[in-house]
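Student: I would like to learn how to read burial, core packing and salt bridges in a model.

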Amino acid sequence: MALGVFMAGGSAYIDVPVAAASAVETPAYAKWSRLAVKQTMHKYPLAEVTDYLHIATNTHGVTGVEKFRLWLREDDREFAVLVTVTYSAETGKFIKIDFQELPAE
């Protein structure tokens, strides 16, 4: 009896296609966003990163540039930092990172 209930209950499941379940793609800039957040935390060790936004991807010949805006909170101060990551578009290797504190909005 119990086996019959289990089998009847087992046939009522919803079949979700594998493609739909794995439809979330990692964006191409994900590698650089992790680096931007990590290096910002290193540069501002007392601050907490509260949010970030990918602003742009640009390729200039052999170099690629990813721009991010990170919002930070340190004590009572909240501010934003523009982080620019430059890398080789040919090899994907990191070249440099620049930080620019933005005025309060």
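**Salt bridges, core and burial**

Tutor: Glu101 has a relative accessible area of 38% and is therefore partly exposed; that class lies between buried (under 20%) and exposed (over 50%), with a 1.4 Å probe and protein chains only. The model is predicted: local features need pLDDT of at least 70, side-chain atom pairs count only at pLDDT 80 or more, and totals for chains, interfaces and linings use all residues. Residues are numbered from 1 along each chain as its sequence is written, and side-chain values use heavy atoms, leaving out hydrogens and water.

Student: Which residue forms a salt bridge with Glu101?

Tutor: A salt bridge needs a side-chain nitrogen of Lys or Arg within 4 Å of a carboxyl oxygen of Asp or Glu. Here the partner is Arg77, with the closest N and O atoms 2.4 Å apart. The pair links strand S3, which holds Arg77, to strand S4 (residues 94-102), which holds Glu101, 24 residues apart. Strands are DSSP runs of E, at least two residues, and helices are runs of H or I, at least four, numbered from the N terminus.

Student: Which element gives the most to the largest nonpolar core?

Tutor: Such a core is a set of buried Ala, Val, Leu, Ile, Met, Phe, Trp, Tyr and Cys residues joined through side-chain atoms within 4.5 Å. The largest one has 13 residues, and Val81, Val83 and Val85 are among those with the most contacts inside it. S3 gives the most, five residues.

Student: Is Thr86 buried or exposed?

Tutor: Thr86 lies in S3 (residues 77-88) and counts as buried because its relative accessibility is 10%.
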